[in-house]
Each structure stands twice: as structure tokens, then as C-alpha cells.
Amino acid sequence: MNYRHAFHAGNFTEVLKHMALCELLRLLTAKDKKLFVLDTHAGAGGYDLESDQAARTKEADAGILRLMAAPRAGMPAAVARYLAAVAAYDRKFGRSAGPLRHYPGSPRLVRAGLRPGDRFVACELHAEDALALKREFAGDRGVEVRQADGYQALKALMPPVERRGLVLLDPPFEAADEFDRLARALKQALRRFATGCYAVWYPIKDEAAATAFKETLAGVKALILELRLRAAPEGKLAACGLAVINPPWTFEEAMVEALPWVGSALDAGAMLTSRSSASSPTA
Ligand SMILES: C[S@@+](CC[C@H](N)C(=O)[O-])C[C@H]1O[C@@H](n2cnc3c(N)ncnc32)[C@H](O)[C@@H]1O
């Protein structure tokens, strides 16, 4: 495992994934019923944008930093809430001014969105990042950090006792068969817990592979969100997607409003496709 997420923290793919994640959490915690969240590929929890790794790629410049610099006029509520969550994490480090320095990973955003009584398991396989994640949440009983294979945890933990759940699947796509593994894991999870909400991130490097993955979602109620940068540095990932299976009520409405705005702020094409369980793409 060579992938280290610190090189990519806060890039445009994170903006898409984390903005949607914040909205999912908000909607899923609006009901007075307990929620279970599983982050199968959790990363280190939080990232210093001035670290050697982040400074080497500067990927946040075309992602969260560009979004934060965009004029706020007409900013959709879901984007404003995501930016507020990002700023709140930075403030934990005693910062109140200057450019954003500390960017929250998915486990931090999840933790901030949960209520007492909700349950959260975060899995990370890489020893160093798992240790960083354990340190990030040391003493916090609201998060169970496991140094474990997220796919195995998914198998073991579905269905959750709460019967209400959100699963974030965000693998590094280092392995050539990651799409296959992801599709298999998802299929199995859906068999065990058909009503769960699953947010699945994927890169669009190989169009055919991304399309084939989306085709595996036939028969499932899903919302597909995609961003394609108009100008990406040579050799860098320029497009990605997030498939949200069984999205909560009004999530689509929020994304219809937020996604084009994010696309325009990041100079990216934005596309939203809605699939009902019985039919093919509608928009
Ligand atoms: C894209 S990053 C996760 C980023 C994180 N979800 C976020 O949004 O902040 C993928 C992470 O998965 C870890 N990883 C790789 N294979 C794994 C596996 N089988 N199970 C759990 N974690 C894995 C990598 O070490 C890496 O930290």
C-alpha cells in the first residue's frame, strides 16, 4: 500500500465527496432515530495543508481553497454548511484568521455530524494512518477506530442493529481490480442491508471502467454526482464521481442546487444523474 491520502487532502474530489457527506449526515440525523455510520477507508482523520506531502502537490489549491475564495453570493446552503464544517475543524487548532490550514478528513466530518447515541466505526488499513486516526480520536467514545480491512468490516457489520445506516466507501484505487472489489462488496452489503445509504467514491480515469461500475448499480436507487475539471495539470486526476445509493429524502434537491454551483466555482463540469430502482438514467 503506497497510497497516502495526505498528498490529496482538500482537492476537488474531496470537495464533491465531503460536501455530499455533510448533507447526507444532516438529513440522516434529522429523524429522531439512531444512526450507524461506517467509514470503510477512513484515512488519517485530518490533514495539515502545510505538511510536506500536501505542500508538494498543492492539490487543495484547485479544491477547497478555490471554493473558499469563490464569491459567496448565491452559495447554496449545502455548500455553506460544508464550508462551515471545514472552518470549524481548522478552528480546533486555535486558528481564527489566515488561509485554511487544517482540513478535516471524512471521519472528522462524520463525527461532527453525529448526535450522542449514534454509532461510528472508522476503518483504516495503513498502519501509520490508522495510528494517526487513533490519535485524532483518542479519548473520544463516539468513534471506534479499527486498523482493519474496510471491505471485511462492511461484511461483518451489515446490517447494523440500528437498522439505519450510512456507509462511506472511499478506496484508494491503487489496485487494478478495485472497481470489481468495490462492486462485489457493495452488492453483498446491499443483500444484507438493502435499505442502507451508501456513498461510493470513484475516480474517472478510465471512462469505460467508471461506466461499467455504474452499470453494476442497475436496479438500485442511486444518485450519481460527477465533477470534471476543465483544466487539470498533466497526469493528474481530472474527474471523479460519487454514487449515493438510497439517498435520503431531499438530498437530490440539495445536490441539484449545490453541484452546478460547486462546478462553476471549481471550473469544472458538473453532472447529476438520478436512477430509480427500476429504470436507467433520467437526466
Ligand atoms: C481515499 S483515502 C480515504 C480518505 C477519507 N475517506 C477521507 O475522505 O478523508 C483511502 C484510504 O484507504 C486506506 N486503505 C487502503 N486499503 C484499505 C482497506 N482494504 N481497508 C481500509 N482502508 C484501506 C488507505 O490507506 C487510505 O488512507
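In which sense do strands β8 and β9 pair, and over how many bridges? Select β8 and strand β9 (residues 239-245) in your viewer: the two pair in the antiparallel sense over 7 bridges. Helices (H or I, at least four residues) and strands (E, at least two) are DSSP runs, numbered from the N terminus, and two strands pair if DSSP finds at least two bridges between them.

Before going on, please note that this is a predicted model, in which local features need pLDDT of at least 70 and side-chain atom pairs count only at pLDDT 80 or more, while totals for chains, interfaces and linings use all residues. Residues are numbered from 1 along each chain as its sequence is written.

**Stop 1: the whole protein**

Zoom out. You should find 10 helices and 10 strands. The C-alpha trace spans about 45 × 45 × 40 Å along its principal axes. A compact globule of 283 residues would have a radius of gyration near 19 Å, and the protein has 17 Å, which agrees. That radius is taken over C-alpha atoms, and the globule rule is 2.2 Å times the number of residues to the power 0.38.

Of the 283 residues, 46% count as buried. A residue is buried if 20 or more other C-beta atoms lie within 10 Å of its own, exposed if 12 or fewer, and partly exposed in between, with C-beta atoms placed from the backbone.

**Stop 2: the sheet**

Now colour the strands of the open sheet, which has 8 of them in the order β5-β4-β1-β6-β7-β9-β8-β10, with mixed pairing. At the edges stand β5 (144-146) and β10 (268-275); each has a single partner strand, so one side of each is left without a neighbour in the sheet. From one strand to the next, the twist averages 10°. Strands of a sheet pair through backbone hydrogen bonds, either parallel or antiparallel.

Go to the β5 edge. Strand β4 (residues 119-123) runs parallel to β5, and 3 bridges join them. Click on Ala-122 and you will see Val-145 of β5 standing opposite.

Next, show helix α7 (residues 150-157), which packs on the sheet and touches β1 (36-39), β4, β5 and β6 (165-169). The direction of α7 makes about 150° with that of β4. Helix α8 (residues 178-192) also packs on the sheet, touching β6 and β7 (197-203), and its direction makes about 175° with that of β7. Axes here are lines fitted to C-alpha atoms, for helices over the stretch in contact, and angles run from 0 to 180 degrees between N-to-C directions.

Return to β8 (residues 222-229). Of its 8 residues, 7 are buried, so β8 is largely enclosed by the rest of the structure. On the β9 side, Ala-222 stands opposite Ile-245. On the β10 side, 8 bridges join the antiparallel strands β8 and β10, and Arg-228 has Gly-269 of β10 as its bridge partner.

**Stop 3: a buried helix and the ligand**

Select helix α5 (residues 106-113). Is α5 largely enclosed or open? Because 7 of its 8 residues are buried, α5 is largely enclosed by the rest of the structure. Among the buried ones are Ser-106, Pro-107 and Arg-108.

Ser-106 also leads to the ligand: of the 21 residues around the ligand, His-41, Gly-43, Gly-105, Ser-106 and His-126 come nearest. A residue counts as near if its C-beta atom, placed from the backbone, lies within 6 Å.

**Stop 4: around α9**

Find Ala-210 in helix α9 (residues 207-215). Ala-210 counts as buried because it has 20 C-beta neighbours inside 10 Å. Leaving aside neighbours within four places in sequence, Ala-210 is in contact (C-beta atoms, placed from the backbone, within 7 Å) with Tyr-202, Ile-204 and Gly-241.

Then pick Lys-205, in the loop between β7 and α9. With 12 C-beta neighbours inside 10 Å, Lys-205 counts as exposed.

**Stop 5: backbone surprises**

Most residues other than glycine have a negative phi, and most peptide bonds are trans. Look at the loop between α7 and β6, where Pro-159 has its place. The peptide bond from Met-158 to Pro-159 is cis, with omega near -5°. Arg-163 is found in the loop between α7 and β6 too, and has a positive phi of about 65° although it is not a glycine.

For a last click, choose Lys-58, in the loop between α2 (52-57) and α3 (64-69). Phi of Lys-58 is near 50°, a positive value.

Technical notes. Contact = placed C-beta atoms within 7 Å.
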